[in-house]
Amino acid sequence: MFAHIAPYAGDPILSLNEDFQKDPRPGKINLSIGIYFDDAGKIPVMESVRKAEAVLAAHVGPKPYLPMEGAANFRAVVPKLLWGEGHPAIAEGRIATMQSVGSSGGLKVGADFIKTWFPDSAIWLSDPTWDNHKAVFEGAGLTVHTYPYYDNATGGLRFDAMRDTLATLPPKSVVLLHACCHNPTGVDLTKAQWDALIPVLKERQLIAFLDLAYQGFGDSIEEDAYAVRALTDSGLSFFVANSFSKSMSVYGERCGALSVVCPNAAEAALVLGQLKFTVRRNYSNPPLHGGQLVATILGTPELKALWFSEVDAMRTRIQAMRQRLHAIISAKVPGRDFSYFLTQRGMFSYTGLTVAQADRLREEFGVYVLRSGRMCVAGLNNGNVERTAEAMAAVLAG
């Protein structure tokens, strides 16, 4: 019956991670999957999460289905995190927020919503972008295009080309933008560049869709929300999917949200209603536990302050690994500029490795990065950063 079905080629990230797990070499280093590891190479259990777990465990009760849009306490705290306490858009009731199954679920629900209510709109993704972006939006039936983004020559941003391309798009085109800590390159827009891009979005009547999966890993939790707040303050309506997987180290709980900024409360109610219908015909309602962890942390001032400090420490550790990697590899490969390791932000960096060099790095040295050259900097620690830098220097030197 199923003999005609084509084999699945596998996800390039998850398949590489599976290969890593099968690798018998004791000194192997996994810099492929987007997970934050501590300096001992372990996924941390954050103290704020541990304390929130204790609060929930002390009040165990019935576990009913959640509403289609998710738990009310979760939906109340997420906008305050993204927009700040007392933002006018929250007070005016014009932000429709729903709990999603990770930010991936938020992207999918948003994609299905766009396909239904903006059927003639295509979507433009940065070149490059997270591999699953294309799959999610194509899976919803949207036509996917790309706009210029990463500069291979400098390891920076092709901002002028990006802006000029978006200035030619048809009205109601959807533009996916990484709010901070761009995946896979680590190259972000500056605040000044966001300020220069927003008028283009407005003039061309483009629909921005922000992906905010790494809030806190760029500059700070507050600073990394700049794009969300700037677009809102400009009067734009747009989508934003955000995740707590990395920032709370709760990957398997699938904690995310989708928010839509609308012109007024009446339209926000319409949008939320149709988002609920989109969820109902997909997974019906989100899971309970992870969302309550988020609501407990963000709704308890002491736990929220603790979480902020823990994210600060995670970001500082990543930055320290960037500096160590840069120092070692610069000494090993003199005459080549590796400053992009310092200017790129967040969990990821584009290393500049070719496909052949990435393959050699894995096969010969047991250091796993994606074949695109993307490296998860959060997989580095004081025990493996020197060996990683030496291996990278060896393959770069030929």
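Trainee: Where does leucine 288 lie in this predicted model?
Mentor: This is a predicted model. Leucine 288 sits in a loop. That loop is the one between helix 10 (265-280) and helix 11.

Trainee: Is leucine 288 buried, partly exposed or exposed?
Mentor: Its relative accessibility is 25%. Buried means under 20%, and exposed means over 50%. Because 25% falls in between, leucine 288 counts as partly exposed.

Trainee: Which residues is leucine 288 in contact with, leaving aside its neighbours within four places in sequence?
Mentor: Look along the chain from leucine 288 to glycine 70, 218 residues apart, and the C-alpha atoms are separated by 8.3 Å. The contacts of leucine 288, with those sequence neighbours left aside, are Lys63 and Leu66.

Trainee: How many of the residues of helix 11 are buried?
Mentor: The buried residues are Gly290, Gly291, Gln292, Leu293, Val294, Ala295, Thr296, Ile297 and Leu298. Helix 11 is therefore largely enclosed by the rest of the structure. The count is 9 of the 11 residues.

Trainee: Which elements do the buried residues of helix 11 pack against?
Mentor: Both helices and strands are involved. The strands are strand 2 (95-101) and strand 10 (255-261). The helices are helix 2, helix 3 and helix 12 (301-332).

Trainee: How is helix 2 oriented to helix 11: roughly parallel or roughly perpendicular?
Mentor: Two packed helices are described by the angle between their axes and the distance between the axes. Here the axes of helix 2 (residues 47-57) and helix 11 (residues 289-299) come within 9 Å and cross at roughly 110°. Angles from 65 to 115 degrees count as roughly perpendicular. So helix 2 is, to helix 11, roughly perpendicular.

Trainee: By class, which residues has the contact of helix 2 with helix 11?
Mentor: Helix 2 brings Ser48, Val49, Ala52, Glu53, Val55 and Leu56. Helix 11 meets them with His289, Gln292, Leu293, Thr296 and Ile297. By class, that contact has 6 nonpolar, 4 polar and 1 charged residues.

Trainee: What order do the 7 strands of the open sheet have?
Mentor: The pairing in this sheet is mixed. Strand 2 and strand 4 are the edge strands, each pairing on one side only. Neighbouring strands are turned by 25° against each other on average, direction ignored. The order is 2-10-9-8-7-3-4.

Trainee: Which residue in strand 10 stands opposite serine 100?
Mentor: Strand 2 pairs with strand 10 in the antiparallel sense, over 7 bridges. Strand 2 is also mostly covered, with 6 of its 7 residues buried. Opposite serine 100 in strand 10 stands glycine 256.

Trainee: What angle does helix 5 make with strand 2?
Mentor: Take helix 3 before helix 5. Helix 3 packs on the sheet and touches strand 2, strand 8 (207-212), strand 9 (238-243) and strand 10, with its direction at about 110° to that of strand 2. Helix 5 (residues 102-117) lies across strand 2, strand 7, strand 8, strand 9 and strand 10. Its angle to strand 2 is about 125°.

Trainee: In which sense do strand 3 and strand 4 pair, parallel or antiparallel?
Mentor: Strand 3 spans residues 123-127, and strand 4 spans residues 144-148. Isoleucine 123 has valine 144 as its bridge partner. Serine 126 has tyrosine 147. Over 5 bridges, the sense is parallel.

Trainee: Through which helix does the chain cross from strand 3 to strand 4?
Mentor: The connection is a β-α-β crossover. Its hand is right-handed. The chain passes through helix 6 (residues 131-139).

Trainee: Which residue in strand 7 is the bridge partner of tryptophan 124?
Mentor: Strand 3 is mostly covered, as 4 of its 5 residues are buried. Strand 3 runs parallel to strand 7 (residues 174-178), joined by 2 bridges. The partner of tryptophan 124 in strand 7 is valine 175.

Trainee: Is glycine 84 buried or exposed?
Mentor: Glycine 84 is in the loop between helix 3 (72-83) and helix 4 (88-91). Leaving aside neighbours within four places in sequence, its contacts are Pro79, Ile90 and Arg229. Its relative accessible area is 10%, and the cut-off is under 20%. So glycine 84 is buried.

Terms used: Residues are numbered from 1 along each chain as its sequence is written. This is a predicted model: local features need pLDDT of at least 70, side-chain atom pairs count only at pLDDT 80 or more; totals for chains, interfaces and linings use all residues. Side-chain values use heavy atoms; hydrogens and water are left out. Two strands pair if DSSP finds at least two bridges between them. A crossover is right-handed if, with the strands pointing away from the viewer, the path from the first strand over the helix to the second runs clockwise. Buried means under 20% relative accessible area, exposed over 50%, partly exposed in between (1.4 Å probe, protein chains only). Contact means heavy atoms within 4.5 Å. Axes are lines fitted to C-alpha atoms, for helices over the stretch in contact, and angles run from 0 to 180 degrees between N-to-C directions. Angles under 35 degrees count as roughly parallel, over 145 as roughly antiparallel, 65 to 115 as roughly perpendicular and the rest as oblique. Ala, Val, Leu, Ile, Met, Phe, Trp, Tyr, Cys and Pro count as nonpolar, Asp, Glu, Lys and Arg as charged, and the others, Gly among them, as polar.
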